[in-house]
Amino acid sequence: AAWQTLWLAMAATRRLADLRRERDHARAAEARAHELARRDPLTGLRNRRGFIEVAEFMLEAARNEAMPAALLLVDVDRFKSVNDQHGHEAGDAVLCTIARRLARWEGPLCKAARLGGEEFALLISGLEGYALAHFAENVRAEIDACDHRDAIGERRVTASIGVAEAGSGSDFQQLYRVADQALYDAKRGGRDQVSLRTRDGLSMPVAGLDRLQA
């Protein structure tokens, strides 16, 4: 009887350990599925859904800590012509190269995403004014410097960037609308440039890095 009791106890312990492993595996699988649902399958960056979630969290944290925050909308200039002239596979390669460049800024205070098509985004905390304008212009210049020769030869790929500083009560949708207006300003101004909307609603085109540093 004692041995039977011991055997049953050991069997129950093993079964409990198996159940815990199954539970942990199920939780890990659920976490992976949750993460994949919030990632762009082409570039690996956050998709719109995943970006909005993290952006809302970052904006709330910035408000609580009285930190500046800003949204950069990055739109690849004349991307349709890349697909038309070189094919969609080449266009995808261009997008992936740009995504890898944007991912370099990923960190606790900066998150990157592909919102759809040729539109990307960065949400950054801790920068405002001149420093923010300089950061956005650096992003534009880094995209311009991307090497796409394997996909499209020597063709140059540029991007227009609209920047919106977050106000004290800004949520993501409000910030997105303002950044989209700034992006329109950059496109209308000739593309391959940055346009910034301050929290006071002022519109400011941003000069090249050489002039910013002058």
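**Layout, cores and charged pairs of the chain**

Read from the N terminus, the elements of the chain follow the order α-α-β-α-α-β-β-α-α-β-α-β-β-α. That makes 8 helices and 6 strands. The structure is a predicted model, and every value below was computed from it. Of the 214 residues in the chain, 42% are buried. The chain exposes about 11,900 Å², and carbon and sulfur atoms supply 53% of that area. Among contacts between residues at least 6 apart in sequence, 70% join residues at least 24 apart.

A good place to begin is the interior. The largest nonpolar core has 32 residues, and those with the most contacts inside it are Leu72, Ile98, Leu102, Phe120, Leu122, Val139 and Val163. Two or more residues of this core come from each of strand E1 (69-76), helix H3 (79-86), helix H4 (88-103), strand E2 (110-116), strand E3 (119-125), H5, strand E4 (159-165) and E5. Leu72 offers a view of the packing: leaving aside neighbours within four places in sequence, its contacts include Phe120, Leu122, Val139 and Val163. Leu72 also touches Ala121, Ile124, Leu132, Phe135, Ala136, Ile161 and Gly162. Apart from the core of 32 residues lies another, of 20 residues, with Val54, Leu115, Leu123 and Leu175 among them.

Helix H3 adds some detail to this picture. Its buried residues are Phe79, Ser81, Val82 and Asn83. These buried residues pack against E1, H4 and helix H6 (149-152). After H3 comes Gly87, which has a positive phi, near 95°. In helix H4 sits Asp92, which is partly exposed at 33% relative accessibility. The C-alpha atoms of Asp92 and Glu118 are 9.5 Å apart, while 26 residues separate the two along the chain.

What of the cysteines? Cys110 is buried, with a relative accessible area of 5%, and Cys146 is buried too, at 8%. A search of the whole structure for disulfides finds 0.

Charged side chains come next. Side chains of opposite charge can pair when their charged atoms come close. The whole structure holds 17 salt bridges. One of these joins Arg140 and Glu137, with an N to O distance of 2.7 Å. Both Arg140 and Glu137 are buried. Where do these two residues lie with respect to each other in helix H5? Arg140 and Glu137 are separated by about one helical turn, because they are 3 residues apart in H5 (residues 129-144). An α-helix has 3.6 residues a turn, so residues three or four places apart point the same way.

Another salt bridge brings together the side chains of Asp185 and Arg197, at 3.0 Å from N to O. This pair links distant parts of the chain, with Asp185 in helix H7 (residues 172-188) and Arg197 in strand E5 (residues 194-197), 12 residues apart. Asp185 and Arg197 are both buried. Beyond single pairs, salt bridges that share partners join Glu137, Arg140, Asp144, Arg156 and Asp192 into one network. Arg149 and Asp147 form a salt bridge as well, their closest N and O atoms being 2.7 Å apart. Asp147 is partly exposed, with a relative accessible area of 43%.

Finally, the loop between helix H1 (2-36) and helix H2 (48-64) contains Asp40. Is Asp40 buried or exposed? With 11% relative accessibility, Asp40 counts as buried, because the cut-off for that class is under 20%. The side chain of Asp40 makes a polar contact of 2.6 Å with the side chain of Thr43. Leaving aside neighbours within four places in sequence, Asp40 is in contact with Leu45, Arg46, Asn47 and Arg114.

Definitions and conventions:
Residues numbered from 1 in each chain as written. Predicted model: local features only at pLDDT ≥ 70, side-chain atom pairs only at ≥ 80, totals over all residues. Heavy atoms only, no water. Disulfide = S-S within 2.5 Å. Buried < 20%, exposed > 50% of the residue type's maximum accessible area, 1.4 Å probe, protein only. Helix = DSSP H or I, 4+ residues; strand = E, 2+ residues; numbered from the N terminus. Contact = heavy atoms within 4.5 Å. Areas by Shrake-Rupley, 256 points an atom, 1.4 Å probe, with all protein chains shown as cover. Polar contact = N/O pair within 3.5 Å; in protein donor to acceptor, adjacent residues only side chain to side chain. Salt bridge = Lys/Arg side-chain N within 4 Å of Asp/Glu carboxyl O. Core = buried A, V, L, I, M, F, W, Y, C linked by side-chain atoms within 4.5 Å.
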